[in-house]
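New to this one? Take a moment to look it over, and then we'll walk through it together.

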Amino acid sequence: MASLLRSSARLRSVPRLSAVRFLSTSPHLRAAEKPFFPDEPTAPKVVTAIPGPKNQQAAAELDQVFDIRSLNMLTDYTHSIGNYIADLDGNLLLDVYAQIASIPVGYNNPNLLKVVQTPEMANALINRPALGNFPSSEWAGILKTGLLKAAPKGLNQVFTAMAGSDANETAYKAAFMYRRQLERGGPDADFSESDLTSTMVNQSPGSPHLSILSFKKAFHGRLFGSLSTTRSKPIHKLDIPAFDWPQAPFPSLKYPLEEHAQENAQEEQRCLAEVERLIKEFHNPVAAVVVEPIQSEGGDNHASPAFFQGLRDITKKHNVLFIVDEVQTGVGATGKFWAHDHWNLTSPPDIVTFSKKAQAAGYYYGNPALRPNKPYRQFNTWMGDPARALIFRGILQEIERLNLVENTAATGDYLYAGLERLAKQYPEAIQNLRGKGQGTFVAWDTPKRDEFLAQAKTVGVNIGGSGANAVRLRPMLVFQKHHADLLLERIEKIFKL
Ligand SMILES: Cc1ncc(COP(=O)(O)O)c(C=O)c1O
């Protein structure tokens, strides 16, 4: 997340460009692109400085009882609609940040509102099950018609969790248990006496010195295990004891890609060689490699399908599991339902984790041996949430009804082309434009990034950052070409300020 979002500086009012309504509408809207949200405004509305007086007052009140130093914008969810986020002062911003990339089908989506008004949802909410012990007879059906219907190719099982970090942690646990069970001689081999006693004092062999390999600048969450694989910023990790696990370099590609093909291929080979070296030599043996298809929080860093195929090959060769963290990339944002669908892998990942736009969380897998050999090894009270799984099913239906993955691919291409034009005009302001062919998962570097993000609000757009210098676009799947027109127009307006 942008450092801006973590700074209290945000609470200061950003200068107000003008308190006028922006009345221009996009050529696509004028050319009758059918909006997914017919009641959406045709343009953002900025009527006060941001934050305005009501927002400032509400923030001060909240500050008395809740730490607001990471506050971006106090939000009026009742008046937010589709791609537009409302504040308390009547400002309505085009939202291309979407709750840190986690809103899939628009604020106050009418079909999701119907999903929550069903007796099935009421039942799930007021009788929340401890899923490992007391799942309902409907749970299989909810999974099959929702989360499993969307499962990545080759994976037909799901473990549901609570959040992205939890999805990754539990995936790591599955990987470690799988590995140790293989070492013991298979699923039926029993634990040794020394396994049982040593684990109670956090010692090997019961608590083994195994590791998960992640990449520099990776972000996989903030719980204890996931945090040890997160390498994006010190502030995330400081003061928290960490596992002694290896990190490999992630390719640092040069843009435009077409002009640096050979150098970039060499860079990817360098990183793959380092992955293989670490797997062979790291003192705590590597049970799994975890990777984001596009490093998101760490600055929107991309690599080619060949790199990921290389990773798959190395992990297979060394019998190490390949975990793909699709928490931010998954559910349509890259113009494919799963970002790893872009890679044409020769065999599927062993585990794919998800959260954010799924509005539910967990991991998919295919190999039955990734179910631990005994019950209660991968377990907690809730183990996910049927209410969230029902919402996921509603999201999936909306994605299918409106062809939102195709929409995101087409809108992304259109948006990228517009940004390429702007980059030619403003080469200082748009550097290293990236995400071509990756739906709306687009980013670029800009020298005064945090200033840019603050100015975006004054022209009616809510945008996020990633890493040190990147502006990252993470619109919803209902973001259309007429929204892209508005966004491009506002971005140019900022450059002209
Ligand atoms: C790729 C990735 N993995 C994991 C996480 C952690 O998810 P959560 O914040 O839901 O725990 C994030 C959050 O930004 C993420 O982007």
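## Domains and a sheet

Let's start with the overall layout: the domain assignment splits the chain into domain 1 (53–109 + 404–496) and domain 2 (115–401). Keep in mind that this is a predicted model. Between the centres of the two domains, taken over C-alpha atoms, there are 27 Å.

So where do they touch? The contact draws 24 residues from domain 1 and 22 residues from domain 2. On the domain 1 side, these are the elements that give two or more residues:

| Element | Residues |
|---|---|
| α14 | 404–425 |
| β11 | 431–434 |
| β15 | 470–473 |

Of these, α14 brings the largest share, 5 residues. As for the make-up of that side of domain 1, count 12 nonpolar, 10 polar and 2 charged residues.

Now for the sheet. It's an open one with 7 strands, and pairing is mixed. Read across, the order goes β4-β10-β9-β8-β7-β5-β6. At the edges sit β4 (157–161) and β6 (247–248), each of which pairs on one side only.

Zoom in on one pair of strands: β9 (residues 351–354) and β10 (residues 361–365) run antiparallel and pair over 4 bridges. One bridge to look for joins T353 to its partner Y363 in β10.

Which helix lies across β4, β9 and β10, among other strands? That's α7 (residues 164–184), which also lies across β5 (211–215), β7 (286–291) and β8 (321–325). Its direction makes an angle of about 35 degrees with β10.

Conventions
Residues numbered from 1 in each chain as written. Predicted model: local features only at pLDDT ≥ 70, side-chain atom pairs only at ≥ 80, totals over all residues. Pairing = 2+ DSSP bridges. Contact = placed C-beta atoms within 7 Å. Axes fitted to C-alpha atoms, helices over the stretch in contact; angles between N-to-C directions. Domains from an automatic or database assignment. Nonpolar A, V, L, I, M, F, W, Y, C, P; charged D, E, K, R; others polar.
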